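User: I've got a model open and would like to go through how some of its labels were reached. Can we take them one by one?

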Amino acid sequence: MKSLNLPQEKTFIGPALIWKRIAAFFIDMVIINLFVLFPFRSLFQNIIPKDYSFSEAYKFFSSTNYTNFITSISFIMSVLIILYFVMLERKMSQTIGKMFMKIHIVSNNNTLKTWQLVLRNLVFIPMFPFILLWVIDPLFMFFTKTNQRLSDILSKTSVVEKSSLQGNELFSI
């Protein structure tokens with residue numbers, strides 16, 4: 001059988017747009033809220049007194065053994081969140097949010113390694129100094145040409161999107 005000699009589709013891989021990264025993150029946060037955080041919500045509601053003001057709740061937690069318990073549960077929740085990102089990104093180079101936005105993760109060293117994925121997701125650990133990353137990490141996206149977060153730079157990864165060009169699209173206005 002004779003094959004057709006059609007021109008190859010031209011593709012371009014470049015940095016993902018910031019709005020796509022933010023939308024993917026919010027989609028992932030909805031999924032994480034439903035499947036990771038929601039099951040723990042009733043546990044926290046049973047521990048935290050409902051009628052307390054902020055200062056009363058602060059005194060309650062600083063004087064009881066609940067502080068260690070809450071810290072442990074928070075750490076378990078953060079490990080589950082990191083596992084969500086690491087497992088999906090390791091298997092498919094995408095999370096569910098990134099799939100919807102048609103963006104994915106690539107390594108700057110050609111092979112995506114697990115340590116890179118863990119490093120880029122340490123922002124989800126709710127302990128000092130990782131809490132500083134909650135502000136610093138996303139701000140980097142607005143000041144780099146490739147829209148990379150600080151954790152992307154440190155882990156030597158990039159979030160990219162593939163654009164395909166058809167025939168005369170290069171010349172259309």
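Analyst: Sure. Keep in mind that this is a predicted model. A place to begin is Asn33, which touches Phe38 and Arg41, leaving aside residues up to four places away in sequence.

User: What makes those two count as touching Asn33?

Analyst: Contact means heavy atoms within 4.5 Å, and Phe38 and Arg41 meet that for Asn33. Asn33 itself is found in helix α1, residues 18–47. As for Ile81, 48 residues apart from Asn33 along the chain, the C-alpha atoms of the two are separated by 9.6 Å.

User: Why is Asn33 called partly exposed?

Analyst: Its relative accessibility is 31%. Buried means under 20% and exposed over 50%, so Asn33 at 31% counts as partly exposed.

User: And why does Lys102 count as exposed?

Analyst: Lys102 comes out at 64% relative accessibility, and exposed means over 50%, so the label follows. Lys102 sits in the loop between α4 (96–101) and β2 (103–107). It has a positive phi of about 55 degrees although it is not a glycine.

User: Why is Lys156 called partly exposed?

Analyst: Lys156 has 42% relative accessibility, which lies between the 20% and 50% cut-offs, so it counts as partly exposed. You'll find Lys156 in the loop between α7 (150–155) and β3 (157–165), with a positive phi of about 60 degrees although it is not a glycine.

User: Which element gives the largest share of the lining of the largest pocket?

Analyst: That's α1, with nine residues. The lining has 29 residues, and Phe25, Met29, Val123, Phe124 and Arg149 lie nearest the pocket's centre.

Notes:
Residues are numbered from 1 along each chain as its sequence is written. This is a predicted model: local features need pLDDT of at least 70, side-chain atom pairs count only at pLDDT 80 or more; totals for chains, interfaces and linings use all residues. Side-chain values use heavy atoms; hydrogens and water are left out. Helices (H or I, at least four residues) and strands (E, at least two) are DSSP runs, numbered from the N terminus. Buried means under 20% relative accessible area, exposed over 50%, partly exposed in between (1.4 Å probe, protein chains only). On a 1 Å grid over the protein atoms alone, a cavity is a set of points where a 1.4 Å probe fits but cannot get out, and a pocket is an open set with protein on both sides within 12 Å along at least five of seven lines; lining residues have an atom within 4 Å of a point.
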